[in-house]
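I sat down with this one today to see how its parts fit together. Here are my notes, in the order I looked things up.

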Amino acid sequence: MGDLMEKLGSESAVGLESSMKEELSMEIDPPYKENLATAEDWRKALNKVVPAVVVLRTTACRAFDTESAGASYATGFVVDKQRGIILTNRHVVKPGPVVAEAMFVNREEIPVYPIYRDPVHDFGFFRYDPGAIQFLSYEEIPLAPEAASVGLEIRVVGNDSGEKVSILSGTLARLDRDAPHYKKDGYNDFNTFYMQAASGTKGGSSGSPVIDWQGRAVALNAGSKSSSASAFFLPLEQVVRALKFLQKGKDSYSDKWEAVTIPRGTLQVTFLHKGFDETRRLGLRSETEQLVRHASPLGETGMLVVDSVVPDGPAHNLLEPGDVLVCMNGEVTTQFLKMETLLDGSVDQKIELQIERGGAPLTVELVVQDLHSITPDYFLEVSGAVIQPLSYQQARNFRFHCGLVYVTEPGYMLFRAGVPRHAIIKKFAGEEISRLEDLISVLSKLSRGARVPLEYISYMDRHRRKSVLVTIDRHEWYAPPQKYIRDDSSGLWTAKPALPPDSPLLYSRANYVKQGLANNSVTSDAGEASLMEHMHQDINQELTNGVTSMETSYEQVTEGSRSRDESDVEPKKRRVEQDSSTDGIAIADYSLPEPREEKLEDSRNLENAVLRDYQGAVPAAANASVAEHVIESSLVMFEVHVPPSCMLDGVHSQHFFGTGVIVYHSQNMGLVAVDKNTVAVSVSDVMLSFAAFPIEIPGEVNSDIQQGKLLSSVLIEPLTCLCRWFFFILFIIMLLLAYDPSALGAGTSLVRAAELLPEPALRRGDSVYLVGLSRSLQATSRKSVVTNPCAALNIGSADCPRYRATNMEVIELDTDFGSTFTGVLTDELGRVQAIWGSFSTQLKYGCNSSEDHQFVRGIPIYTISQVVDKIMSGENGPPLLINGVKRPMPLLRILEVELYPTLLSKARSFGLSNKWIQALVKKDPIRRQVLRVKGCLAGSKAENLLEQGDMILAINKEPITCFRDIEDACQVLDQNDDNDGRLNMTIFRQGCEIEILVGTDVRDGNGTSRVINWCGCIVQDPHPAVRALGFLPEEGHGVYVARWCHGSPVHRYGLYALQWIVEVNGRPTPDLDAFVNVTKELEDGEFVRVKAVHLNGKPRVLTLKQDLHYWPTWELRFDPDTAMWQRKTIKALDYSVE
């Protein structure tokens, strides 16, 4: 028999559980019993059963223990109508936070709340209000575990494959099947038999009743074999016991449910039922087998054998795999039910086990542990991560002891450091971590932006600790850390602040910046020093809680966290060549430093000493060109991380690398230019590594030396997003970021700005030097020849609209270093003529398959040169705080039209006259082209004026042949105050020359600066990549859904990304302000009617239920006064998250 796949039978909508391969015995040994039921009997039974079966729509709001966040469908059935109790599977009730509704057969829908989920076996209970069912007559389904027998004809009634009512027939074939094994790192049942039948259940049928012809439930459907029609059913003996405990003292339903404790005992041992033939091979003596057969029920075929023992559990070092269980407390025990009955009745008591190990009889005495004590009922949520005590389920899977600090979901902060899912945290900020409370205690002492070491182990490599550096979120990407605690009375997980009110982590850096600006009214570079000194003292204070240490290697762990914020399209991540190990950041040594008491002069003396040592230790690179020597001190390596909660503007990855170049450097400010594909959005954390001076500086200079070596890079944080010049449509596909030169300390003298050479423009056949940085910050160069200095880019739209370079010409070379190597193009003297930047596109294969692809080209430097000149000249514009000084940022006038070149030979075929062809050739004899309109950005001033296919012949009577001509014409408008911002264009349309005035738009270059999270969807104003599609809804444009979160209301009800919300409850939402005004009036649990319009223009109306308990409404906004992203709660419950 080949390998077959087993799976949990629930949850057809989203996130089906993965399966594990296992070879299963399908034969039927016992004989069938005669079935006397008639078709009429089954009809009567089903008429009674079907009304009591419900469709469960469940949403796991957070990843927890063995379950991930997500939405799904399953089945349940009423087992106590008077008290309002529904039985279903454990993996449906979920071990963590869950929101669920039950829909009866007449389409009445009511909320249900979890009241119990068994720690081991696959069953759980929801409660509901029976009085809420007004239009349906139904009866509870009785439980009859004793009726199950081989050969019994059965029906499985439930929600199979998304069908609201499905009835599948079958025959019980086995009652003693091993519990199915679903996942190696997820939920698995054990220490119980399962039943097996060929009923063919599939997704959505979990929790279905398995009934006989009398309408009694004889088993609970749990899973199935994906490659065959076999289904697996859970026996009901333990279910009946648990239900009786829930029913005690509860005669009817009441609004206030009192939590009930159901005694459950464990030895933290997994047993398997092995046949007597196998136990003999394990060394079982003949006299013992004879004793067992005589004392066991007729037909017993085997005994219980130890399969695994959890470390540090009650049986650790006392029981071993292969031990054969003979007696418990003097009674022969060969069945799981008898063993568990004894354990459940002996919690916190000693029991005696008689076993045989290799033929030798042994007697051991063990204390039965409370199973609920090793089943976690709380977790910590910090920076999107879910961290909890290791449960018995996962301890058994991973062979760790219970209670360790376990990473269920790494979120942003831990994922950024390279901590994978399922990691066990052993040490944090120099302190040993054995309990979750230890982690919270250490976290409460840290400040925003602190960088501290973390050690962890994983079950895949359990014998080696891995060390990484964790950077505490500097911006308020996420709410402050929260501790969620399960409340079985309400069925909810209540949140409370995890940190004390005086924790430095709760103090917003934006408030400090505002205070510093108020106390130091600086308006120019001259007044900057005092404020900077105060800010560095604040950063120094952070370091007393953190650690400074040397990185020897770094690599981002490739196992990405489950994206909580995904659109309908899941593009592949950008792949980056890396030179180091897969263990994350390796730390040579680390410990918490003592509070600093040395004087500032001592620190500066140390910096100078390190500088002298470094200057004497840097050898000249062999055979390096003059250009490489000159430009190396101006190169900077970028590492960019995008928080999942803020993946705006269609950004397709969370992690980017690239090389930038310093274009301005003084005592007060430094500017670095880099391609737009490297820093895709401003909502990101950026780390700079300077090639000029190798020392790690987390926010300030600290020249610690460890093991006689200096770090090979400089990491500067924070970075102020200075200008963020990344216009998506026209001309500029580079951006500028600012850094604080004083943070380099002594190294600032080694860093210098590159000399820019915008003119003359490169020509075909010119020799250039391609210079860049490797991942180890080694300068690399080669001499190349320009093959095409004016190649027009043509990048198509991605499935999920995102930034793409348009309206620009790039430089092509004969040779380069591959598609991931970026840097600069210089002349022989090291003067920068172009940025060698990366571009992203999406290659499509067929209708449904696509793949992200990256390539590199040269970007002329003249645009950056112009922007830097404007910044330095103080051109009027909106102010932005840079290194404590507010500086005016220049505005840029652009024509929001996407263009493409057409050869004049083809333009002639469209009817363009010889007169214009000669004029265009005379203007530009090399390109011999004319620009045509591909489309206008929706909402731009050029919309409805220019049409697709228009040829732009001239502006102000001057012929236009390339994109730069249009850019220059826009800049001329800014220099002339008596114009109205319109270009006088001559265009060729459908055989006619037309004179037309076309409006231009002014942009500040800041990009998206505000985002709303409502019901788990990330809402923003339509970004340029969306507007470039040429369509906005007529209903006032609306707000754009950029992403959605797993386990959120929008996930549950299907309000996914790539659409506009134009109305909420009939009220228009043309912009974010209107959207906030409407949604903040909505209450928790209120159903909301939403009108949305998809990118394809198709409108739809849907309803969703607002959940402020787990998904409060919040806003993230960039504040130019503090240069910080600030989080603000718009609507939340008092006891919910921020």
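The entries below go from a barrel to a helix and end with a single loop residue.

**Entry 1: the barrel.** A reminder to myself first: this is a predicted model. I traced a closed barrel of six strands, and the order I wrote down is β3-β4-β5-β8-β7-β6, with antiparallel pairing. I then checked the angle between neighbouring strands of this sheet, and on average they are turned by 40° against each other, direction ignored. Helix α3, residues 237–247, packs on the sheet and touches β4, β5, β7 and β8. The direction of α3 makes about 35° with that of β8.

**Entry 2: strand β3.** I went along residues 53–60 and found that eight of the eight residues of β3 are buried. Val 53, Val 55, Arg 57 and Thr 59 point one way, while Val 54, Leu 56, Thr 58 and Ala 60 point the other way. Both sets are buried, and I noted that an arginine is among them.

Next I looked up the partners of β3. Eight bridges pair β3 with β4 in the antiparallel sense, and six bridges join β3 to β6, also antiparallel. Val 55 is a handy marker here: Thr 75 stands opposite in β4, and Met 103 stands opposite in β6.

**Entry 3: β6 and β7.** From β6 (residues 98–103) I moved on to β7 (residues 109–117), and the two pair in the antiparallel sense over four bridges. Here Ala 100 stands opposite Val 112.

**Entry 4: helix α5.** Which residues of α5 are buried? In this helix, residues 286–295, I found Thr 288, Glu 289 and Val 292. They cover an arc of only 100° around the axis, so they sit on the same side of α5. The general rule helps me here: an α-helix has 3.6 residues a turn, so residues three or four places apart point the same way. Ser 286, Gln 290 and His 294 are exposed on the other side of α5. The cover over the buried residues includes α4, β17, β18, β19 and β20.

**Entry 5: Val 310.** Is this loop residue, between β17 and β18, buried or exposed? Val 310 counts as buried because its relative accessibility is 3%, and the cut-off for buried is under 20%. I listed what Val 310 touches, leaving out residues up to four places away in sequence: Gln 268, His 316, Tyr 392, Ala 395, Arg 396, Arg 399, Phe 400, His 401 and Cys 402. I also checked Thr 270, which is 40 residues from Val 310 along the chain; their C-alpha atoms are separated by 8.5 Å.

Key:
Residues are numbered from 1 along each chain as its sequence is written. This is a predicted model: local features need pLDDT of at least 70, side-chain atom pairs count only at pLDDT 80 or more; totals for chains, interfaces and linings use all residues. Side-chain values use heavy atoms; hydrogens and water are left out. Two strands pair if DSSP finds at least two bridges between them. Axes are lines fitted to C-alpha atoms, for helices over the stretch in contact, and angles run from 0 to 180 degrees between N-to-C directions. Contact means heavy atoms within 4.5 Å. Buried means under 20% relative accessible area, exposed over 50%, partly exposed in between (1.4 Å probe, protein chains only). The arc is that of the directions from the helix axis to the C-beta atoms.
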